[in-house]
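User: I'm new to reading protein structures. Could you take one part of this model and give me a close look at how its residues sit and what surrounds them?

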Amino acid sequence: MPDEFKIDNSKLEKLAKKFKTKDSFSLSSASCKKLFNLYSEVITERIRRQHLAHIIRSLESYLQEKTGNSLFTIKCYAVDLPFGDNTQGHYRKGRCFDIYYNKSLSEDEVRICLSHELGHLFLEAYSYMQKGKKLYEDAASMEPLSSLFGIFTIASKNDFYQNEANSCINGETFNGLVDKFLSLGRQNAK
Ligand SMILES: [Zn+2]
């Protein structure tokens with residue numbers, strides 16, 4: 001069922017009833033709708049703009065660990081880039097990596113460009129940490145290697161959605177999910 005987990009008014013009405021208990025909790029369907037609207041406005045909209053969030057988060061935590069700077073960040077900004085450039089990456093060693101991408105790019109182009117820039121960051125940071133030790137036998141250059149890194153990134157994301165994403169859901173239904181939260185509430189009340 002493609003809409004099993006899509007939240008609509010009838011699900012919100014049911015949630016209000018299910019979470020309304022005799023004792024301390026009170027939940028009206030108006031409150032359910034209000035929170036859902038807030039969630040859509042604040043979170044859903046933001047998630048839509050978080051391209052490649054998992055790889056960015058992973059690379060960020062790797063660099064936090066390796067640089068010893070727990071505040072190391074990777075941030076992406078949609079801007080108007082001059083000269084028809086698609087992306088620009090600015091690496092401030094040990095501090096942060098900012099990627100500026102042209103806001104006219106399509107979602108797909110953004111992912112391609114960002115993953116290529118992340119490749120540059122990874123290669124530069126990694127080879128710096130090797131303290132000059134040669135990484136590759138040949139004189140492999142950074143441009144194609146960055147694209148290769150991008151391909152690994154997008155291919156593993158696609159592989160996840162093609163093969164693993166469904167098995168994560170593993171026969172779960174919306175009601176089953178709600179029940180898990182209801183039993184959590186019962187445990188907490190103990
Ligand atoms: Zn490049």
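Analyst: Gln88 counts as partly exposed in this predicted model, because 16 C-beta neighbours lie inside 10 Å of its own, between the 12 or fewer of an exposed residue and the 20 or more of a buried one. You will find Gln88 in strand β2, which covers residues 87-92. Leaving aside neighbours within four places in sequence, the contacts of Gln88 are Leu81 and Tyr100. His54 is 34 residues from Gln88 along the chain, and the C-alpha atoms of the two are separated by 21 Å.

Now move to Val79, which has its place in strand β1. Val79 counts as exposed, because 11 C-beta neighbours inside 10 Å fall within the limit of 12 or fewer. Val79 touches Tyr100 and Lys103, if residues up to four places away in sequence are not counted. Tyr100 is thus a name to remember, as it is in contact with Gln88 and is touched by Val79. There is also Tyr101: the C-alpha atoms of Val79 and Tyr101 are separated by 6.0 Å, with their positions 22 residues apart along the chain.

Tyr101 leads us to the inside of the model. The largest nonpolar core has 14 residues, and the members that touch the most others are Ile99, Tyr101, Leu114 and Leu118. At least two residues of this core come from each of α3 (53-67), β1 (73-79), β3 (96-102) and α4. With five residues, α4 gives the most to the core. There is a general habit behind such groups: in soluble globular proteins, nonpolar side chains tend to be buried together.

What is Leu114 in contact with, beyond its neighbours within four places in sequence? The list is His51, Leu52, Cys76, Ile99 and Tyr101. Two of these, Ile99 and Tyr101, appear with Leu114 among the core residues that touch the most other members.

Leu52, another contact of Leu114, deserves a stop of its own. Leu52 is found in the loop between α2 and α3. Is Leu52 buried or exposed? Leu52 is buried, because 20 other C-beta atoms lie within 10 Å and the cut-off is 20 or more. Its backbone is worth a look too: Leu52 is not a glycine, yet its phi is positive, about 55°. To put that in context, most residues other than glycine have a negative phi.

Let's now follow helix α4, which spans residues 107-129. Glu107 is found in this helix. Glu107 is exposed, because 10 other C-beta atoms within 10 Å is inside the limit of 12 or fewer. Arg48 is 59 residues from Glu107 along the chain, but their C-alpha atoms are separated by 9.7 Å.

One partner of α4 is α3. The axes of α3 and α4 come within 12 Å, crossing at roughly 20°. Angles under 35 degrees count as roughly parallel, so that is how α3 and α4 lie to each other. Their crossing is left-handed. On the α3 side, the contact is made by Ile55, Leu59, Leu63 and Lys66, and on the α4 side by Leu118, Leu121, Phe122, Ala125 and Met129. By class, the residues of this contact are eight nonpolar, no polar and one charged.

Another partner is helix α5, residues 142-169, whose axis comes within 7 Å of that of α4, at a crossing angle of roughly 120°. That angle makes α4 oblique to α5. Here α4 passes α5 in a right-handed crossing. Among the α4 residues that make the contact are Ile112, Leu118, Phe122 and Leu123, and those of α5 include Met142, Leu145, Phe149 and Ile154. The contact of α4 with α5 divides into eight nonpolar, eight polar and one charged residue. Leu118 and Phe122 serve in this contact as well as in the one with α3.

For practice, try one more pair of helices. Helix α1 (residues 9-18) and helix α2 (residues 29-49) have axes 8 Å apart and pack at an angle of about 125°. α1 and α2 are therefore oblique to each other, and their crossing is right-handed. In this pair, Leu12, Glu13, Leu15 and Ala16 of α1 meet Ser29, Cys32, Lys33 and Phe36 of α2. The contact has five nonpolar, one polar and two charged residues.

Note on methods:
Residues are numbered from 1 along each chain as its sequence is written. This is a predicted model: local features need pLDDT of at least 70, side-chain atom pairs count only at pLDDT 80 or more; totals for chains, interfaces and linings use all residues. Axes are lines fitted to C-alpha atoms, for helices over the stretch in contact, and angles run from 0 to 180 degrees between N-to-C directions. Helices (H or I, at least four residues) and strands (E, at least two) are DSSP runs, numbered from the N terminus. Angles under 35 degrees count as roughly parallel, over 145 as roughly antiparallel, 65 to 115 as roughly perpendicular and the rest as oblique. A crossing is left-handed if the near helix is turned anticlockwise from the far one by less than a right angle, and right-handed if clockwise. Two residues are in contact if their C-beta atoms, placed from the backbone, lie within 7 Å. Ala, Val, Leu, Ile, Met, Phe, Trp, Tyr, Cys and Pro count as nonpolar, Asp, Glu, Lys and Arg as charged, and the others, Gly among them, as polar. A nonpolar core is a set of buried Ala, Val, Leu, Ile, Met, Phe, Trp, Tyr and Cys residues joined through C-beta atoms within 7 Å.
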